[in-house]
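This report introduces one protein structure to a reader who has not met it before. Please keep the sequence and the model in view while reading.

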Amino acid sequence: MVPVIAVAVGCRPGNPGTPGALGLPAENRARLLSRSLTRTADTLHWKWSLIGERNWMIPANADGAISLEKTVPLNDPNMKGGCHIWESDLIVKREGDRIVWKTRLHGSNGMTREAEGALKGDLNDVRIVAERDANVGLPADVALAKVGDREIRWRLAR
């Protein structure tokens with residue numbers, strides 16, 4: 001007789017709350033990791049990574065408003081297409097007397113949404129608001145940065 005071995009693969013069910021920067025946050029929370037990637041006289045690149053205890057299905061990014069909508073539990077056997085890890089980049093470059101900015105929202109499932117704009121000013125007109133890692137309750141509306149008078153925000157559905 002051959003022994004039967006059962007193997008389970010995937011995210012564990014139950015109440016998340018794995019410690020550490022890359023662990024799953026507690027129920028109804030998301031972990032926001034904040035990183036400065038580039039800061040020169042002409043370029044600024046900042047990245048925020050988001051780890052949720054649920055999947056977000058619908059990403060959007062327009063005019064400084066980055067959002068993730070329609071959530072489903074991790075490993076829901078009836079849903080596919082969403083993910084629980086997202087990254088949002090802010091890239092600002094000086095071009096003469098104006099600054100050009102771009103936001104890029106990218107999910108671990110390959111979904112990407114981009115938005116961009118330009119305004120008069122220089123890199124001194126850019127202020128990063130979310131400079132530190134944080135745990136946020138859901139739903140959330142998190143100010144990430146200010147580019148001139150344009151506010152960059154991340155809205156997360158519960």
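A residue is called buried when its relative accessible area is under 20%, exposed when that area is over 50%, and partly exposed in between. Glu 151, with a relative accessibility of 37%, is therefore partly exposed. The structure discussed here is a predicted model.

## Overall architecture

The protein chain contains ten strands and zero helices. Read from the N terminus, its elements follow the order β-β-β-β-β-β-β-β-β-β. The chain has 158 residues, of which 41% count as buried. Among contacts in the chain with a separation of 6 or more, 52% come from residues that lie 24 or more positions apart.

## Confidence of the model

The average pLDDT of the protein chain is 90, and 90% of the residues score at least 70. Residues 2-14, by contrast, have a pLDDT below 50; beyond near neighbours in sequence, this stretch has five contacts in the model.

## The hairpin of β5 and β6

Strand β5 covers residues 98-107 and strand β6 covers residues 112-120; the two pair in the antiparallel sense over nine bridges. One of the bridge partnerships joins His 106 to Thr 112 in β6. Four residues lie between the strands of this hairpin, and Gly 110 there adopts a positive phi near 95°.

A salt bridge also connects the two strands: the side chains of Arg 104 and Glu 114 meet at 3.3 Å, N to O. Arg 104 belongs to strand β5 and Glu 114 to strand β6, ten residues apart, and the pair links distant parts of the chain. Arg 104 has a relative accessibility of 29% and therefore counts as partly exposed. Glu 114 falls into the partly exposed class because its relative accessibility is 44%.

## Salt bridges

In general, side chains of opposite charge can pair when their charged atoms come close. The structure holds 13 salt bridges, including the one between Arg 104 and Glu 114 described above. Another joins Arg 98 to Glu 95, with 3.3 Å between the closest N and O atoms. Arg 98 is partly exposed, since its relative accessibility is 36%. Glu 95 has a relative accessibility of 40%, so this residue is also partly exposed.

## Arg 153 and its network

Arg 153 lies in strand β10, which spans residues 150-156. Is Arg 153 buried or exposed? Its relative accessible area is 18%, so Arg 153 counts as buried.

Which residue forms a salt bridge with Arg 153, with closest N and O atoms 3.2 Å apart? The partner is Glu 151, the residue introduced at the start as partly exposed. The side chain of Arg 153 additionally makes a polar contact of 2.8 Å with the side chain of Asp 141. A network of salt bridges links Asp 141, Glu 151, Arg 153 and Arg 155. When neighbours within four places in sequence are set aside, the contacts of Arg 153 are Gly 64, Ala 65, Ile 66, Asp 141, Val 142, Ala 143 and Leu 144.

## Ala 145 and its surroundings

Strand β9, residues 140-147, includes Ala 145. The relative accessible area of Ala 145 is 0%, and the residue is therefore buried. Its C-alpha atom is separated by 6.7 Å from that of Ala 130, although the two residues are 15 residues apart along the chain.

Which residues does Ala 145 touch, not counting those up to four places away in sequence? They are Trp 48, Leu 90, Arg 127, Ile 128, Val 129, Arg 150, Glu 151 and Ile 152. Two of these names appear elsewhere in this report: Glu 151 is part of the salt-bridge network, and Trp 48 belongs to the aromatic pair considered next.

## The aromatic pair

A pair of aromatic rings is described by the distance of the centres and the angle of the planes. The structure holds one such pair. Its members are Trp 46 and Trp 48, whose ring centres are 6.3 Å apart and whose planes meet at 35°, so the pair is tilted. Planes under 30 degrees apart would count as stacked, and planes over 60 as edge-to-face. Both Trp 46 and Trp 48 are buried.

Terms used
Residues numbered from 1 in each chain as written. Predicted model: local features only at pLDDT ≥ 70, side-chain atom pairs only at ≥ 80, totals over all residues. Heavy atoms only, no water. Pairing = 2+ DSSP bridges. Buried < 20%, exposed > 50% of the residue type's maximum accessible area, 1.4 Å probe, protein only. Polar contact = N/O pair within 3.5 Å; in protein donor to acceptor, adjacent residues only side chain to side chain. Contact = heavy atoms within 4.5 Å. pLDDT = per-residue confidence, 0-100. Phe/Tyr/Trp six-rings, centres within 6.5 Å; stacked < 30°, edge-to-face > 60°. Salt bridge = Lys/Arg side-chain N within 4 Å of Asp/Glu carboxyl O.
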